[in-house]
Amino acid sequence: MATNKTLTMIKPDAVKAGHTGAILAQINEAGFRIVALKMTQLSTAAAERFYAVHKERPFFGELVEFMTSGPIVAAILEKDNAVADFRTLIGSTNPAEAAEGTIRAKYATSIGENAIHGSDSDENAQIEGDFHFAGLEQF
Ligand code: DAT
Ligand code: MG
């Protein structure tokens, strides 16, 4: 995966609430191209691996429980400056602090159940993209 890509997951809260279509439309309208896309559900082991960097945090157990609580929609997205521009599009981790119009401001309900993930670096975009998608699934 080149450095103009990022990895997103529409989280179980937003999928359950029926926001998948609206969120994908907002992502497309912001100029991102969908490189790979699927609905899936994380196992406990997979969620623990994806969020391993947070394993010492007090919220880790809750995070894993939430992320495995229902289907997610994972996607690789491509755009110039994808990682930073996508973090801007989704807004702050805490929806109370997320800028108006951002995906988290619109769809997140709490800091823990915050509707969507976006990679935080080019290196992690590569790792997270390869976590979810084989090479032949990336277009
Ligand atoms: P982000 O998802 O904005 O990159 P992060 O990497 O700091 O945020 O944390 C990963 C996820 O963990 C976040 O989306 C929701 C959860 N989380 C973070 N801080 C939390 C907190 N203080 N309480 C509960 N959940 C939290
Ligand atoms: Mg993060």
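In the predicted model, His117 is in contact with Thr8, Met9 and Lys11 once its neighbours within four places in sequence are left aside. This residue lies in strand β4, and it is the position covered by the annotation "active site" in the UniProt record, an unreviewed entry. His117 counts as buried because 20 other C-beta atoms lie within 10 Å, the cut-off for a buried residue being 20 or more.

His117 also belongs to the surroundings of ligand 1, where the residues are His54, Phe59, Leu63, Thr93, Ile111, Gly112, Asn114, His117 and Asp120. By residue class, this shell is made up of three nonpolar, five polar and one charged residue.

Strand β4, which holds His117 and spans residues 116–118, is in turn one of the elements against which the buried residues of helix α5 pack. Helix α5 comprises residues 82–90, and its buried residues are Ala82, Val83, Phe86, Leu89 and Ile90. These residues are on the same side of α5, because they cover an arc of only 125° around the axis. Such an arrangement can be understood from helix geometry, since an α-helix has 3.6 residues a turn, so that residues three or four places apart point the same way. Besides β4, the elements packed against by the buried residues of α5 are strands β1 (5–10) and β3 (72–78) and helices α6 (103–107) and α7 (122–132).

Positive phi values are found on either side of this helix. In the loop between β3 and α5 lies Asn81, a residue other than glycine whose phi is nevertheless positive, near 55°. Asn81 counts as exposed, because it has 11 C-beta neighbours inside 10 Å, where 12 or fewer is the limit for an exposed residue. After α5 comes Gly91, and here phi is again positive, near 90°.

A further positive phi in a residue other than glycine, near 75°, occurs at Ala115, which is found in the loop between α6 and β4. The surroundings of Ala115 and Asn81 contrast in burial: Ala115 has 27 C-beta neighbours inside 10 Å and therefore counts as buried, whereas Asn81, with 11 such neighbours, counts as exposed. The loop that contains Ala115 joins two elements, α6 and β4, and both α6 and β4 are among those against which the buried residues of α5 pack.

Conventions:
Residues numbered from 1 in each chain as written. Chains lettered and ligands numbered in written order. Predicted model: local features only at pLDDT ≥ 70, side-chain atom pairs only at ≥ 80, totals over all residues. Near = placed C-beta within 6 Å. Nonpolar A, V, L, I, M, F, W, Y, C, P; charged D, E, K, R; others polar. Helix = DSSP H or I, 4+ residues; strand = E, 2+ residues; numbered from the N terminus. Arc of directions from axis to C-beta. Contact = placed C-beta atoms within 7 Å. UniProt positions renumbered as here; feature names shortened; annotations may be inferred.
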